[in-house]
Each structure stands twice: as structure tokens, then as C-alpha cells.
Amino acid sequence: MARTRTAVNRTVLGAVGFSLFLAGSWLTATDPAFADRLPTWWPAAGTGTVLLDRDRLAQLRGEGWWTPTVMAASIGLAVLLAIWSLGQSRSGRARPLALPSPGCTVRPQALAEALATRVTALPGIARSRARVLPRRGQRLEVRLRVWLEPDTPPDAVLPALRTATAEADRTATPYTAHTRVRLSTTPHRTRHVR
């Protein structure tokens, strides 16, 4: 779902950007300073021209199809943008995960908090943050962000970190967890002299 949302967002953003680029390019051609530099095949627009003058707009309004078409296009665009906006503002609340015991569930946020607490307790780790995202089927995507203590090499914490993530994978049964770990270092705190 997140990949689909990202693809739709990028497509909409690209289409809007491309439309604005084309409109800006066409409007730039009306400036006399740029009009001389454009190729001969470029559609030239005279200075002070508009897309629809009053006479042409009055003629279009007289047509029987013009008003319903404009109304339908405006309403359709407004509905599409409203649906898209609601899809963006939808809370990321994940559904509870069913456990092997009948009637038992657990929230993904609770699993994430337990994993973050377990990882933070490991030696050499300053703090951690975890996210558990349910995917289709019986898959979980676990994103683990770990900040190391200053002067702690990553290879010193990797075995304990691997053990903690393996425990989390076993705990998530019957789900299959795919874990991504991102390591960062905590900078040294510089003492200030007053």
C-alpha cells in the first residue's frame, strides 16, 4: 500500500510539474526578449494575447455542451483531489496482529516498543527506535534504527543485535518478519568552557 501511495504521489506530482512547465514555457514565449531566440516551429503568441478572449468565451458559452462539460470536469477534479487528500491524511494505524492462541491479538506498536526497549538495553547502544508494519499475507516489515554509543564500533554490537532481531522474528510467529537495521553513531558531547 505504501509503495502504491508513493507511486501515485510521484505520478501526480510529475504530471502537475510537467503541466506547469509547459504552461510556463508557453507564457515565456510571449515575452519579446525570449521570442526572438525561440525556434521557428515554436507556437508564437503575440504580446497581450490571452488563451480565450471575450468573444471566443461568449461563443463557447453559447454552445450546449460547454457548461455541462466544464461543470463535470470541475466536479470530477474536485472529487479526485478530495479522495487523494483523504488518502494522504489517513492515519497510519495498523490493524492488530492475530496470535496463534485463539482470540489473542497484539498491536504492531506494542511489538515495536518491546523491540526498541530490548535493543536499547544492549551494551554499546545509546537508544533505538522500531516500527512494525504489517504487509500482505503473513509478512511484517520491521524497521529498526539504532544509535551507538560514542566510540562503539558497529561490529561490537552486531552479534547481540542479530540475537535480539532473531528473538523478535520468533516472537512474531506465525508472521514472517523482514528486518532492516540502520546504525548511526551518537556524537561526542563537547564540553563548553565558560
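1. A crossing is left-handed if the near helix is turned anticlockwise from the far one by less than a right angle, right-handed if clockwise. By that rule, helix 5 and helix 6 cross in a right-handed way.

2. This is a predicted model, in which local features need pLDDT of at least 70 and side-chain atom pairs pLDDT 80 or more, while totals for chains, interfaces and linings use all residues. Numbering runs from 1 along each chain as its sequence is written, and side-chain values use heavy atoms, without hydrogens or water.

3. Start with the overall plan. The protein has six helices and five strands (DSSP runs numbered from the N terminus: helices are H or I, at least four residues; strands are E, at least two). Along the sequence, these elements follow the order α-α-α-α-β-β-α-β-β-α-β. The protein is 194 residues long, and 19% of them count as buried (under 20% relative accessible area; exposed is over 50%, partly exposed in between; 1.4 Å probe, protein chains only).

4. Now the helix pair. Helix 5 spans residues 108–120 and helix 6 spans residues 154–171. Their axes lie 10 Å apart and make an angle of about 155° (lines fitted to C-alpha atoms over the stretch in contact; angles from 0 to 180 degrees between N-to-C directions). At that angle, helix 5 is roughly antiparallel to helix 6 (over 145 degrees; under 35 is roughly parallel, 65 to 115 roughly perpendicular, the rest oblique).

5. A salt bridge also joins these two helices. The side chains of Arg118 and Glu167 meet at 3.0 Å, N to O (a Lys or Arg side-chain nitrogen within 4 Å of an Asp or Glu carboxyl oxygen). This pair links distant parts of the chain: Arg118 belongs to helix 5, Glu167 to helix 6, and 49 residues separate them. Arg118 is partly exposed, at 31% relative accessible area. Glu167 is partly exposed too, at 29%.

6. Helix 5 has another residue to check. Ala112 sits in this helix. Is Ala112 buried or exposed? With 2% relative accessibility, Ala112 counts as buried. Its C-alpha atom is 5.6 Å from that of Val132, although the two residues are 20 apart along the chain.

7. How many salt bridges does the structure hold? There are three. Beyond the Arg118–Glu167 pair, look at Glu141. The Glu141 side chain meets Arg135 at 3.1 Å, N to O. The Glu141 side chain also meets Arg143, at 2.9 Å, N to O. Arg135, Glu141 and Arg143 thus form a network of salt bridges. Glu141 is buried, with 12% relative accessibility, whereas Arg143 is partly exposed, at 33%.

8. Turn to the surface. Val8, Val12, Val16, Leu20, Leu77, Leu81 and Trp84 make a nonpolar patch of about 590 Å². Such a patch joins residues with over 30% relative accessible area and no salt bridge (nonpolar side chains Val, Leu, Ile, Met, Phe, Trp, Tyr within 5 Å; like charges within 9 Å). Areas come from the Shrake-Rupley method with a 1.4 Å probe, and only the protein chains shown count as cover for residues.

9. Which helices supply the nonpolar patch? Helix 1 (2–28) and helix 4 (66–89) each give at least two residues. Helix 1 has the largest share of the patch, with four residues. Trp84 lies in helix 4. Trp84 is partly exposed, at 31% relative accessible area.

10. One backbone angle deserves a look. Asp151 is not a glycine, yet its phi is positive, at about 65°. Where does Asp151 lie? Asp151 is in the loop between strand 4 (139–148) and helix 6. Asp151 is exposed, with a relative accessible area of 69%.
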